[in-house]
Amino acid sequence: MTQSEAEEAVRVHMRSFMTVPLVVVSYFLITGGIIYGVIVEPSSVGSVTEEHGHQRPVAFLAYRVNGQNMMEGLASSFLFTMGGLGFIILYRSNGPNISKLFIGFVCVLCV
């Protein structure tokens, strides 16, 4: 194996190593509604005025089926990403040298 072939193998390995975090970050942003957030520019946290005039923060927008706050989108995106990572861990945990108890515990936490 020549020097250039070895360098090419290292570059291919590094590219595939950086692909997984890039896919996870893009999945997080897309499921969190980043495109919706850029176009509509919603508030980060909603608020409701009580009968005495005090404002109270709310997590979800009431009576708006197609609307969301930024924090609502990020919370749902976090849960979607953790579920996806849990399934990836389940898939990768089929090796002979992986502790099944530890992987089961991690997957229960993720999913």
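In the predicted model, strands β1 (residues 46–49) and β2 (residues 55–58) run antiparallel and are joined by four bridges. The two strands form a hairpin with five residues between them. Within the turn, G53 adopts a positive phi of about 95°. Across the strand pair, V48 of β1 stands opposite R56 in β2. In a regular strand, side chains alternate between the two faces of the sheet.

R56 also takes part in a salt bridge, its side chain meeting that of E50 at a distance of 3.3 Å, N to O. Side chains of opposite charge can pair in this way when their charged atoms come close. A search of the whole structure finds one salt bridge. Both partners are partly exposed: the relative accessible area of E50 is 35%, and that of R56 is 42%. R56 is classed as partly exposed because its value of 42% lies between the 20% limit for buried residues and the 50% limit for exposed ones. The 35% of E50 falls between these limits too, and E50 is therefore assigned to the partly exposed class.

The hairpin is set within a chain of four helices and two strands. Read along the sequence, these elements follow the pattern α-α-β-β-α-α. Of the 111 residues of the chain, 18% count as buried. The accessible surface amounts to about 9,000 Å², and carbon and sulfur atoms account for 69% of this area. Among contacts between residues at least 6 apart in sequence, 51% join residues at least 24 apart.

Helix α3 comprises residues 70–92. At 1.5 Å a residue, its 23 residues should span 33 Å, and the end C-alpha atoms are 32 Å apart, so the separation agrees with expectation. The buried residues in α3 are E72, G73, S77, T81, G83 and G86.

S77 of helix α3 has a relative accessible area of 0% and is therefore buried, the limit being under 20%. The side chain of S77 forms a polar contact of 3.2 Å with the side chain of T31. When neighbours within four places in sequence are left aside, S77 is in contact with F28, L29, T31 and G32.

G73, likewise located in helix α3, counts as buried because its relative accessibility is 0%, which is under the 20% limit. Beyond its neighbours within four places in sequence, G73 is in contact with T31, G32 and Q68. T31 and G32 thus appear among the contacts of G73 and also among those of S77. G73 and F28 are 45 residues apart in sequence, and their C-alpha atoms are separated by 9.8 Å in space.

Y27 is located in helix α1 (residues 3–31). Its relative accessible area is 38%, and Y27 is accordingly partly exposed. With neighbours within four places in sequence left aside, Y27 is in contact with F80 and T81; T81 is one of the buried residues in α3. The C-alpha atoms of Y27 and S77 lie 8.2 Å apart in space, although 50 residues separate the two in sequence.

Notes
Residues are numbered from 1 along each chain as its sequence is written. This is a predicted model: local features need pLDDT of at least 70, side-chain atom pairs count only at pLDDT 80 or more; totals for chains, interfaces and linings use all residues. Side-chain values use heavy atoms; hydrogens and water are left out. Two strands pair if DSSP finds at least two bridges between them. Buried means under 20% relative accessible area, exposed over 50%, partly exposed in between (1.4 Å probe, protein chains only). A polar contact is a pair of N or O atoms within 3.5 Å; within protein, one must be able to donate a hydrogen and the other to accept it, and residues adjacent in sequence count only if both atoms are side-chain atoms. Contact means heavy atoms within 4.5 Å. A salt bridge is a side-chain nitrogen of Lys or Arg within 4 Å of a carboxyl oxygen of Asp or Glu. The expected span of a helix is 1.5 Å times one less than its number of residues. Accessible areas come from the Shrake-Rupley method with a 1.4 Å probe; for residues, only the protein chains shown count as cover.
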